[in-house]
Each structure stands twice: as C-alpha cells, then as structure tokens.
Amino acid sequence: MAQNFDVVVIGGGPGGYIAAIRAAQLGFKTACIDEWKNAAGGPAPGGTCTNVGCIPSKALLQSSEHYEQAGHHFADHGIGLKDLSIDVTKMLARKDTVVKQNNDGILYLFKKNKVTFFHGRGSFVKATEGGWEVAVGGESLVGKNVIVATGSNARALPGAQFDEDKILSNDGALRVGAVPKKLGLIGAGVIGLEMGSVWRRLGAEVTVLEGLPTFLGAVDEQIAKEAHKAFTKQGLKIELGVKVGEIKTGRSGVQVAYADAKGEARTLAVDKLIVSIGRVPNTIGLDADAVGLKLDERGAIVVDAECRTNLPGVWAVGDVVRGPMLAHKAEEEGVAVAERIAGQHGHVNFNTIPWVIYTSPEIAWVGETEQQLKARGAAYKAGTFPFMANGRARALGDTTGMVKFLADAVSDEILGVHIVGPQASELIAEAVVAMEFRASSEDIARICHAHPSLSEATKEAALAVDKRTLNF
Ligand code: FAD
Ligand code: NAI
C-alpha cells in the first residue's frame, strides 16, 4: 500500500533537506529520502556538503590553520611553543564529530518540522493517479510533487579511477590518515586549493597541476593574482597550462606523466594524488528513464529558470541541475521550489550568489569581475583598499589582500565586489546585501562601520570608487 505525500524529496543534501523543511513549514505532508550511510550504516543526511564537502573541509581547514598559526605566527605575538605536534587521527576524529553533529541536527530538524525521513535509495517507478510513484527500500511512496536533489559526484580522470587510497576524490582527501610527504593535486580549482592548503599547512610538499593557462580564471584577475602570490609564498607549487598524461600507481605512490606549459615532458611522483577537476551531476539509481525525466548531455536534469523539469509536478534543484555547484545555491533553489508549489513567487537571484574559497587568505566575491565588465564593454569605476592600511588587520597580524569594488560609471550601482584577505567569507555578506538592494558604492561609503574592524576596508574600497579613501 503506497504512502501518499504532497511533496516527496529525493536527496537529503542542502538542496533536498532545506526544500523538505520549507515544504513542511508551508503545510505540506512531506517526505525526504536520502541514502547516505555513516560508518555504522545508519542515516547521515546532509549530502556531499555535510559528509564529504563544505563541513568536513572547513573543519580540517580550521585545524590546519591553527597548526600553521602555532608553528609560524604565534611567535610574533610573543607566544612560545615547544614540541609542536599534530595528531592527524585526533584531527580527523574531531572532523567526524563535527559532521555527525550536522547529520544529527538535520534528523532533529526533520522531526521538529514533521518531515517523514526514509533512509535508502529513492527511484522513480511510474506516473500514477495523484502524482508520481517512488520506491524506497520495500516501500512505495506517491508524491503529488517530487523534488529531485540528488547532487553530484567527483569527476574522475579517464584511466585513473579513484581508489581512495592513492588516487583520491574529495572523499579520500578528507580521510588521509597521515600527512603525506608529497601530495599531488590535479585541478587548481576550489577543492584543489582548499585541500592543497590543508595538507601543505600540515607539512606535505604540495604540487598542483592545472590544465588552464590562467590561475582561477573565474575570479577577478587582480584578486587571483594577489592570491597566487600569497599561495606561492606559502610554498604551494602551482603549475599552470599542463597537459596530464598517464597516471600510474605502484607500491611507492603515484606517478603522473604530464607536459608542462612549454610542452616539455615531465613526471610528478607523489605519495597521494587528489583529482579535483570538477563534479558531475548524479542521477545514479534515480531511474529517470522509467518516467522519461529529461537529462542533458552532461547528465544534469534539464530544468527551466524555475527548476521545473519536463514532467509536471517534478522539480529538480542543486548540483544535479545547471548553475554553480554551491550549497547555498542548492538551498535557495529548494526554498524557492517549495514556495512555488505553494503558489508563492519563490525567487533565486543568480547575480547575487556569493562565492567563497576558504584558503588563507580567503577569496570571496559577488557579481561581475573586471574582465567580465571589460568583455561586455560596460562603463565602470573601480576602487580598491588594501588590508595593509586597515588597523584591525594589522592588529590581527594578517594584512594580505584587498577589497575591490566595481560600480557603474553613471549610476554608481555596485556591479561586483571582490575580496582576498582575512575573513573574506564573512565580509562578502555586506556586499551581497548591498547588491540585492541595488545599492550604489556611495551607499556603502556613507554607512557607519565599526572601528576597528575589517569591514572598514569594505567602506574604504567603496570610497575608493570616488577616489576619496580616508586611510590610504
Ligand atoms: P548533495 O549535497 O550532493 O546531496 C545529494 C544527496 O542525495 C546525497 O546525500 C546523496 O546520497 C543523495 N542521493 C542521491 N541519489 C539518491 C537517490 N536516488 N535516493 C536517495 N538519496 C539519493 N559548497 C559551498 O557552498 N561551500 C563550500 O564550502 C563547499 N565546499 C565543498 C567542499 C568539497 C570538498 C566539495 C566536494 C563540495 C563543496 N561544496 C561547497 C559544494 C556543495 O557540497 C554542493 O554544492 C552541495 O552539497 C550540493 O547540494 P545538493 O543538495 O544539490 O547535493
Ligand atoms: P573546479 O571547477 O572548482 O576546479 C576544477 C579545476 O580543474 C579547474 O581549474 C579546471 O581548469 C581544472 N581541470 C579540469 N580538467 C583538468 C585536467 N584534465 N587537467 C588539469 N586540470 C584540469 O572543481 P573542483 O575543485 O573539483 O570543485 C568542484 C565544485 O565543488 C566547485 O566548482 C564548487 O562548485 C564546489 N566547491 C565549492 C567550494 C566552496 O564553495 N568553497 C569548495 C569546494 C568545492
């Protein structure tokens, strides 16, 4: 006997679990199905983000940053330490605890919001009276509406499948049991830089091989250049414009054959290799064919601007559809879809989705880059302010980087804000709010910011648009 729901969500990552909670808040009888298992085989909702993505990576970034500070920067504050050591097992156990707190938190939120949770794989069966039949384990659910939020998986290099021992995806990269002497990464994208930073701080010799000739091509060039300088100074070796060839694993590690930017043949020998060359949408096990759910050539579920698929009442959100693969983008789409099902006008503004790379210095941005503005022939003004001239940054002992504003030359509307430096991940929120309210750079320049704070660099960068910084 099928159980009937107004909304059945398949996938319990940030897109799915948030969609389920919002749907339940709106009064819908809601189910959420998720198949992720913890080490004991129990449910571990939260998806890639909670289990092998955002949360565990930030836990390790924090632990490794503490180690780096203690080893290299505490002395500047007059703090002496003897016999500094790192217990990787304990560091990983702490990370696992943080993950579990988040898994448990989601299960609690399901209970609180009366979302019925099913642990297992959800697969489409057929269109049926009253909606869509979805099988999970031995049970059958019928949803008037179905929201698919099945996420993404790491993309492997052809001929170098992940064994999670020597060739690692993000999953294995977060479980390395001891600091490797030499670590290689393929792809100097977000994961490459974050995970490369973790293991470099802990003492690994890290080499990143990037296929493109430019470093962080999606980032504002001036900001990317500053970040590149900082990472190189820290000891991260980044080779751009390489062509990766054969990858061999042996008892002693991994050998990567590649051609460097000049086309010369080289070999990188490492103990472990992380492959971080992007992610692919995941529809494994969904049985999309059973109901004729349309996928594109990349395997992503085809949706319109409002996340409707080709099937009436079936929606899809998050990494499994077009757009940036970010947890907060997935969440916003989940909320918007639940609200649309309720007849409301859910909306996601793709122009104000912030990006953050949690390295040190952090990199964060929202809106257009200077190169994008140039490419579309926009008339714009730019203003920058270095953290070197910010009192709080000096007190922190972290003066790398800058805040950069880009504003329309005529209306002064903010078109993009780009930050490389301390706490960029937090500072960017002000820029997102400003852009969402279509503020001008003068609006930010005229707002009182606490002193001393890093946010004063944001105000000063806004002042710089009009060439009237006060502290630089
Ligand atoms: P997912 O989180 O992938 O969740 C999908 C869920 O659906 C999974 O639990 C999966 O098991 C389940 N599932 C799949 N198929 C089925 C099925 N048929 N039946 C039942 N369950 C199913 N983004 C950020 O914004 N900030 C970050 O700092 C950040 N850091 C990251 C670090 C790493 C190392 C990685 C890999 C990613 C990171 N991301 C980050 C990206 C972020 O994790 C994803 O954008 C986000 O998880 C996407 O959410 P989702 O709900 O679409 O999918
Ligand atoms: P990415 O798209 O950020 O970077 C992949 C990099 O690999 C690119 O620079 C690309 O040019 C390079 N590349 C691709 N094929 C290559 C090849 N054959 N040889 C050499 N280089 C190659 O992807 P990544 O780092 O795997 O992360 C996946 C996604 O996960 C990100 O795009 C992001 O959406 C999300 N994520 C977000 C984080 C955050 O918000 N802080 C953190 C980590 C991941």
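**Exercise 1. State which backbone and side-chain atoms make polar contacts with ligand 2, and how far the ligand is covered.**

Step 1. A nitrogen atom of ligand 2 has a backbone N or O atom of Val-356 at 2.7 Å. This is a polar contact, a pair of N or O atoms within 3.5 Å.

Step 2. Oxygen atoms of the ligand supply further pairs: one is 2.5 Å from a polar backbone atom of Met-325, and one is 2.6 Å from an N or O atom in the side chain of Glu-210.

Step 3. On its own, ligand 2 has 840 Å² of accessible area, of which the protein covers 75%; such areas come from the Shrake-Rupley method with a 1.4 Å probe.

The model is predicted: local features need pLDDT of at least 70, side-chain atom pairs count only at pLDDT 80 or more, and totals for chains, interfaces and linings use all residues. Residues are numbered from 1 along each chain as its sequence is written, chains are lettered from A and ligands numbered from 1 in the order in which they are written, and side-chain values use heavy atoms, with hydrogens and water left out.

**Exercise 2. Describe the shell around ligand 2 by element and by class.**

Step 1. The shell holds 23 residues, each with a heavy atom within 4 Å of the ligand.

Step 2. At least two residues each come from α6 (190-201) and β18 (355-357); α6 gives the largest share, four residues. Helices (H or I, at least four residues) and strands (E, at least two) are DSSP runs, numbered from the N terminus.

Step 3. The classes are 13 nonpolar, six polar and four charged residues. Ala, Val, Leu, Ile, Met, Phe, Trp, Tyr, Cys and Pro count as nonpolar, Asp, Glu, Lys and Arg as charged, and the others, Gly among them, as polar.

**Exercise 3. Do the same for ligand 1, starting from its polar contacts.**

Step 1. Oxygen atoms of ligand 1 lie 3.3 Å from a backbone N or O atom of Cys-49, 3.3 Å from a polar backbone atom of Met-325 and 3.2 Å from one of Leu-326.

Step 2. The protein covers 94% of the 990 Å² that is accessible on ligand 1 alone.

Step 3. Elements giving two or more residues to the shell include α1 (14-25), β2 (30-34) and α3 (54-73), while the largest share, four residues, belongs to α2.

Step 4. Of the 38 residues around ligand 1, those that come nearest include Asp-34 and Lys-58. By class, 14 are nonpolar, 18 polar and six charged.

Methods
Polar contact = N/O pair within 3.5 Å; in protein donor to acceptor, adjacent residues only side chain to side chain.
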